[in-house]
Amino acid sequence: MTMKPLIGMPADTVKTDLGFRDYAYDNVMQAVIAAGGIPVMLPSNNPELAEDYVTRCDGFAFLGGPDIDPTLFGEEPIREIGATSMKKDQFEVALCQKAFSAGKAIFGICRGAQIIAIALGGTMYQDFPSQFPDARLKHQQEAPLIYPTHHVNIKGDTIAAEILGSHPYVNSNHHQTVKNPGSHLMVSGRADDGAVEMIELQDNDQVVAVQWHPEYLYETMPEENALFEDFVERCQNGRA
């Protein structure tokens with residue numbers, strides 16, 4: 001019997017009266033389980049532990065969460081930036097870099113796409129609406145995330161096109177987005193106003209990331225579920 005792959009998923013963190021509490025939303029956990037994986041929540045820890053996690057897990061999903069500290073990519077914070085967590089950022093960057101070097105399958109959702117880009121040498125917009133002249137779409141929808149609200153233009157002959165087709169309908173809940181994906185990655189999907197909505201590795205299928213939240217759509221939209229199925233399959237195929 002084939003063992004289901006272990007999927008490492010860095011947790012989000014909230015401060016309470018009793019200290020910090022790590023958590024992950026059930027939607028994304030259930031999406032991974034439905035696709036055949038076993039999710040394992042990873043608390044934000046010392047970056048030195050990243051190699052141990054990489055040794056034990058078959059793949060990694062980097063999820064949504066707070067804004068990313070711009071000093072990680074050589075910028076000072078602008079007025080529009082929201083709450084950040086340097087501890088979480090440093091841990092996830094280290095984990096992504098170790099996972100990438102080890103050839104592990106990587107999937108990114110929302111903030112996760114940005115973390116992947118930063119970890120692999122890219123940059124991002126601290127606040128896309130104020131920093132990009134042509135920004136005009138509503139990227140922080142007020143409708144529940146179970147409803148898609150805008151389309152994405154997918155580049156042909158990409159992994160994105162194989163999974164999603166040319167013009168998927170997606171939800172949106174962000175104000176930061178990838179600016180320059182770096183030398184390893186390519187942009188495979190953009191919104192009508194130019195916002196980067198999907199990135200993937202140039203050379204193979206190791207890395208795929210989206211700016212939207214497929215974990216809220218996978219039960220009703222087969223193409224969104226296909227993102228998780230593709231990820232779990234990549235985890236399975238990448239085992240030593």
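Here is a walk through some helices, buried acids, aromatic pairs and odd backbone angles in this structure.

Keep in mind that this is a predicted model, so local features are taken from residues with pLDDT of at least 70, side-chain atom pairs count only at pLDDT 80 or more, and totals for chains, interfaces and linings use all residues. Residues are numbered from 1 along each chain as its sequence is written, and side-chain values use heavy atoms, with hydrogens and water left out.

Let's start with helix α3, residues 86–101. Helices here are DSSP runs of H or I with at least four residues, strands are runs of E with at least two, and both are numbered from the N terminus. α3 has 16 residues and reaches 22 Å from its first C-alpha to its last, close to the 22 Å expected at 1.5 Å a residue. That expected span is 1.5 Å times one less than the number of residues. Among the buried residues of α3 are Phe91, Val93, Leu95 and Phe100, and also the charged Lys88, Asp89 and Glu92. (Buried means under 20% relative accessible area, exposed means over 50%, and partly exposed is in between, using a 1.4 Å probe and protein chains only.) After α3 comes glycine 103, with a positive phi near 80°.

Move on to α4, residues 111–119, and you find a helix that is mostly covered: nine of its nine residues are buried. They include Arg111, Gln114 and Ile116. Just ahead of it, in the loop between β6 (105–109) and α4, sits cysteine 110. Its phi is near 55°, a positive value in a residue other than glycine. Cysteine 110 counts as buried because its relative accessibility is 6%. On the other side, α4 is followed by glycine 121, whose phi is positive, near 100°.

Aspartate 157 also has a positive phi, about 60°, without being a glycine. You'll find aspartate 157 in the loop between β9 (153–154) and α6 (159–164). With a relative accessible area of 83%, aspartate 157 is exposed.

Now for two buried acids. Glutamate 200 lies in strand β13, residues 196–201. It is buried yet has no salt bridge, and the nearest side chain of opposite charge, lysine 155, is 8.5 Å away. A salt bridge here needs a side-chain nitrogen of Lys or Arg within 4 Å of a carboxyl oxygen of Asp or Glu; Lys and Arg count as positive, Asp and Glu as negative, and His and the chain ends are not counted. What glutamate 200 does have is polar contacts: its side chain pairs with that of serine 188 at 3.1 Å, and a polar atom of its side chain lies 3.0 Å from the backbone nitrogen of isoleucine 159. (A polar contact is a pair of N or O atoms within 3.5 Å; within protein, one must be able to donate a hydrogen and the other to accept it, and residues adjacent in sequence count only if both atoms are side-chain atoms.)

The second acid, glutamate 224, is in helix α7, residues 222–237. Glutamate 224 is buried without a salt bridge too, and arginine 234, the nearest side chain of opposite charge, is 13 Å away. Its side chain makes a 2.8 Å polar contact with the side chain of tryptophan 212. Not counting residues up to four places away in sequence, glutamate 224 touches several residues, including Leu164, Tyr169, Pro214 and Tyr218, where contact means heavy atoms within 4.5 Å. As for α7 itself, its 16 residues should span 22 Å at 1.5 Å a residue, and its end C-alpha atoms are 22 Å apart, which agrees.

Tyr218 leads us to the aromatics: ring pairs link Phe107, Tyr218, Phe228 and Phe231 into a cluster. Rings of Phe, Tyr and Trp (its six-membered ring) pair if their centres lie within 6.5 Å; planes under 30 degrees apart count as stacked, over 60 as edge-to-face and the rest as tilted. By this rule the count comes to eight aromatic pairs. One of them joins tyrosine 23 and tyrosine 25 edge-to-face, 5.5 Å centre to centre with 90° between the planes. Tyrosine 23 is partly exposed at 25% relative accessibility, whereas tyrosine 25 is exposed at 52%. Tyrosine 125 and phenylalanine 132 also pair edge-to-face, at 5.8 Å and 70°, and tyrosine 125 is buried at 13%.
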